[in-house]
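Thanks, everyone. I would like to take a few minutes to walk through one model, beginning with a single residue and then turning to the two ligands.

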Amino acid sequence: MSSTAELRRIGLAAGLTAVGFTHAEPFTEARVTLVERKAAGLHGGMQFTYRNPERSTTPTRILESAQSLIVGAWPYRAPDPHVSTDRPQAEIAAYAWRDHYGSLKSALGEIAAALQADGYTARVVADDNALVDRAAAIRAGVGWAGKNSNVLVPGHGSWFVLGAVVTDAPLEHDQPVEPACGSCRRCLDGCPTGAIIAEGVVDARRCLAWLLQADGDFPIEFREALGTRIYGCDDCQVVCPPSRGSDVGMIGDEVTSLDLLELLTMDDEALLAAVGRWYIPKRDLRYVRRNALVALGNANVSGDNRTEAMDVLASYIGSDDMLAEHARWAADQLDASTPH
Ligand code: B12
Ligand code: SF4
Ligand code: SF4
């Protein structure tokens, strides 16, 4: 018989750090927030949960007979100070160092299997547009809504990916946890582009994590702030005191950064093998190269690497218009950073 205690035990044994239970009523507050932020332009053209707020905030759209949600938080390792190499590196945000969503879904799958064995219907949803994962985690008491808009798990911080099992099993609900940011505002002050415009409110038009995933040109005004990132941004979590010293994520087969010059000379097949798991706008690899060109312009490049970098950039100038423009920008940056 599925009890919350047994289901939580299964989730924790499968590697989740926190498991919480809530009812399947709509997330009306999140729906209003989505609609308001979209109307204010803060979504910066994002689709995801913004495409159809009603759908993403109504669990019965996932399972008509839904009664409960079981929300799980899968831990990932916080970034270490970067390993220094003599080659310019492309930074990858820690949540993308390996397929954490795959691990999250299998852990939630074990909870779903236990429910199914008892005759219930259970569906796993994680990081698709079917559900507002953070709002679900907050209502299920998995964590509190931080001012950086991430969900923070008490005692562990925010280095987690989130997902849920939607089921027709009637289960007891957990209570939300007390928000514990207090008077801290390090994330608001620490964001390199000032994207956290108010407590819990991210303006995607300024957020590097979104700009790296958006199509079109990388906005010129945020290129220097991008540094050498090519996928995701961790700054508003790195500065967050409750998220420091989190040690629950496992060390495994992770790719924590990529060699920028190699990445920029890979053919499509090799590039897809390296980054195909990522969200890439329109699945168009030019956007990965665009990001890498900006990163190279910001990298510390000297000696032989410099000659190689200038050759790589020259090979992009005269190619596709968008890439040529980003390559020219990067070459100018490297020129400006050369001691004359
Ligand atoms: C769109 C999206 C983004 C966008 C926009 C993020 C944003 N903050 O709006 C972009 C591309 C920028 C992004 C970036 C990141 N994302 Co994202 N993203 C999503 C996605 C697909 C939808 C989120 C959504 O609906 N946002 C709209 C707003 C309305 O909802 P929200 O951000 O959840 O809002 C919460 C807070 O704003 C808070 N809140 C609202 N009002 C107020 C007021 C106050 C005072 C306070 C304190 C809080 C608060 O409550 C809301 C919950 O209802 C979800 C997956 C999913 N299906 O849910 C992942 C998700 C939210 N992302 C996730 C992650 C890991 C990230 C990154 C850390 C990745 C990275 N390293 O680059 C960054 C973090 C940037 C940040 N500070 O948010 C995780 C969250 C993990 C966690 N612990 O919270 C999710 C849940 C994916 C997953 N399944 O694990 N993401
Ligand atoms: S992910 Fe980076 S750019 Fe976006 S809000 Fe956080 S610190 Fe700012
Ligand atoms: S940095 Fe401070 S204000 Fe921001 S989420 Fe962390 S604890 Fe909250």
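Let me begin with T167, which lies in strand β7, and add straight away that what we are looking at is a predicted model. T167 counts as buried, because its relative accessibility is 0%, where the threshold for that term is under 20%. If we leave aside its neighbours within four places in sequence, T167 is in contact with L63, A66, Q67, S68 and I70, and also with L115, Y120, T121 and A122.

Strand β7 also brings us to ligand 1, since a backbone N or O atom of L162 lies 2.8 Å from an oxygen atom of that ligand. β7 (160–167) is one of the elements that give two or more residues to the shell around ligand 1, and the others are α2 (28–39), α3 (48–51), α6 (133–139), α8 (208–211) and α10 (235–238). On the backbone side there is also C233, with an N or O atom 2.9 Å from an oxygen atom of ligand 1, while a polar backbone atom of L131 is 2.9 Å from a nitrogen atom of ligand 1.

In total, 40 residues surround ligand 1, the closest being T49, R134, V151, L162 and G200, and the shell divides into 23 nonpolar, 10 polar and seven charged residues. Where does ligand 1 lie with respect to the domains? Domain 1 (4–80 + 97–167) and domain 2 (186–336) both contribute residues to its shell, so ligand 1 lies between them.

Finally, ligand 2 has around it C191, P192, T193, A195, I196, C207, L208, C233, D235 and C236, a shell of eight nonpolar residues, one polar and one charged.

Terms used:
Residues are numbered from 1 along each chain as its sequence is written. Chains are lettered from A and ligands numbered from 1 in the order in which they are written. This is a predicted model: local features need pLDDT of at least 70, side-chain atom pairs count only at pLDDT 80 or more; totals for chains, interfaces and linings use all residues. Side-chain values use heavy atoms; hydrogens and water are left out. A residue is near a molecule or strand if one of its heavy atoms lies within 4 Å of it. Ala, Val, Leu, Ile, Met, Phe, Trp, Tyr, Cys and Pro count as nonpolar, Asp, Glu, Lys and Arg as charged, and the others, Gly among them, as polar. A polar contact is a pair of N or O atoms within 3.5 Å; within protein, one must be able to donate a hydrogen and the other to accept it, and residues adjacent in sequence count only if both atoms are side-chain atoms. Helices (H or I, at least four residues) and strands (E, at least two) are DSSP runs, numbered from the N terminus. Domain bounds come from an automatic or database domain assignment. Buried means under 20% relative accessible area, exposed over 50%, partly exposed in between (1.4 Å probe, protein chains only). Contact means heavy atoms within 4.5 Å.
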